[in-house]
Each structure stands twice: as C-alpha cells, then as structure tokens.
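This report deals with the salt bridges of one protein and where their residues sit. Please look over the sequence and the structure first.

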Amino acid sequence: MNINNKSSNGMKPSRFFTAICLLATALAVGSCTQGEGMDGNVQNLPEGMYPLTFTATQGEPVASPQTRVSDYEDTDGSHKSKWTTDDRIKVVVSEGSNDMETICTLAENGNITNYNPQLYWKTTQTSKINAWYSNITGQATVTDNTVNLADQCSGLAYVLKAEEVTGVNYKSGSISLQFKHQLAKVRVKLVKGTYEGDLSNATVKINSQYTSCTVNNGVVTVGSTTGD
C-alpha cells in the first residue's frame, strides 16, 4: 500500500521508508495427506527404532512476502521474509496411540537442528501432525496468550500454523510441515515530496482495526475491540 506525498509543483519523491504491521485476519488452513496406513493390524514398534523427523517449509506462496518470520531487504531491492536460526516450533502428534509432542529448533533453511524430546513411533497405526510458531516475547511455542497488536514499533508479532498432516505412520519418512501466517501483513510506504524533515522516525497508524487477538495452539481469534 503506497502513500504518496507530492507538492503542488509536482516534485518527484526523493526519499522513503517502509513500515510493516500485522493484523488479526485469519487465513484458511487446509490439510494435506502424506503416507498411507498399514493393513489395519495394530502392533507396537520396538522403542527407539523409528524416529519422527520433520522439516518446516513455507506453503505455496500467494503473494509476497512469503511465509517466513524475519524481514529483510534482498540485494535485488525486494522485501522478503525467512526463518531465523533458533526459531522454535511446537509439534503435536495425535491419534493411532501415538500421542506425543516436542519442541523443534530450526535452522534458517527450515531444517530441524534439535528435538526436545526426540519422538519415536509407538505403533503401526496412522496419526496426524499439528504444529505452530509464535515469536511472542519469551515463549515461541505459546499455547494460549493475548497478543497486543496496537503498537508494533519495537517488532512484529508473528503467528504461524502448519497445515494439518494426516494419515502418516512410521513408513512416512521425514514429514514436511507447511506453515502459513495467521496474521495479515500490511506494508505501508511513505514517499517523500517537498517535506524537508526526516521521515525515519515517522509513526504509521491504521484506523479501525482489531488491536489484539488470542492465540491458542496456533489458532488466532480476533479480539472484541477495534482501534488504531
């Protein structure tokens, strides 16, 4: 979204800065299926023989910037986002007598560098996988918290949720978790006209928006109050 300030004499913009805000607009989350079930026989697997491994990827991009969680200006001048090393995601396995959960630490490319704890398949039954991320201060794997969206001068409040993966079992190999933003990202570019001051410390306000949301296991629910 561009806001252009031009003088009456038609001077061209000479300087600009960019501000980004996140708004509580929930995105639709689909589902994908990986792997197939066994022949229906229920049996326990030897403990520690079949570890669960994951990768954290972005979903199919529908617009730029894509699904990542730190912002930067690329060398080609475009604005992009990406994972940051040591970002953490919460992963929950359920159904098929494989109920368990872990916290995974990510590398910048989305590969898992640490599992706490490492998970292992318990049975041959199929299960489903859910995962989420939040960078809310001090708790990247928040399960239930209210996020203040009214002032993002010091940083953006990111919340991402992976598409639910179903029908996976110990034969599925490494499971790809495709994350999508749960808050809408809005870029506002202020373009300088005849103004002689410094725009680097300007404040951007977006009117009549929800100023908070609640996050529960990666699911965002908008608050009841609107404001700037």
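The sections below cover the overall make-up of the protein and then its salt bridges.

## Overall make-up

The model is predicted. The protein contains 19 strands and zero helices. Of its 228 residues, 39% count as buried. The accessible surface of the protein is about 12500 Å², and carbon and sulfur atoms account for 45% of that surface.

Contacts between residues at least 6 apart in sequence were also examined. Among these, 67% join residues that are at least 24 apart.

## Salt bridges: count

The protein has four salt bridges. Those described below include the pairs Glu-101 with Lys-90, Lys-128 with Glu-95, and Lys-180 with Glu-163.

## Glu-101 and Lys-90

In the salt bridge between Glu-101 and Lys-90, the closest N and O atoms are 3.4 Å apart. This pair links distant parts of the chain: Glu-101 belongs to strand S8 (residues 100–106) and Lys-90 to strand S7 (residues 88–94), with the two positions 11 residues apart in numbering.

Glu-101 has a relative accessible area of 42% and is partly exposed. Lys-90 is at 11% relative accessibility; because buried means under 20%, Lys-90 counts as buried.

## Lys-128, Glu-95 and a network

Lys-128 and Glu-95 form a salt bridge in which the closest N and O atoms lie 3.6 Å apart. Distant parts of the chain are linked here too, as Lys-128 is in strand S10 (residues 127–134), Glu-95 is in the loop between S7 and S8, and the two are 33 residues apart. Lys-128 is partly exposed at 23% relative accessibility, and Glu-95 is partly exposed at 44%.

Which residues are linked with Lys-128 in a network of salt bridges? They are Glu-95 and Glu-164.

## Lys-180 and Glu-163

Lys-180 pairs with Glu-163 in a salt bridge, with 3.2 Å between the closest N and O atoms. The two residues are 17 apart along the chain and link distant parts of it: Lys-180 is in strand S14 (residues 175–181), while Glu-163 is in the loop between strand S12 (159–162) and strand S13 (164–168).

Is Glu-163 buried or exposed? At 10% relative accessibility, Glu-163 counts as buried. Lys-180 has a relative accessible area of 23%; since partly exposed begins where buried, under 20%, ends, Lys-180 is partly exposed.

Definitions and conventions. Residues numbered from 1 in each chain as written. Predicted model: local features only at pLDDT ≥ 70, side-chain atom pairs only at ≥ 80, totals over all residues. Heavy atoms only, no water. Salt bridge = Lys/Arg side-chain N within 4 Å of Asp/Glu carboxyl O. Helix = DSSP H or I, 4+ residues; strand = E, 2+ residues; numbered from the N terminus. Buried < 20%, exposed > 50% of the residue type's maximum accessible area, 1.4 Å probe, protein only. Contact = heavy atoms within 4.5 Å. Areas by Shrake-Rupley, 256 points an atom, 1.4 Å probe, with all protein chains shown as cover.
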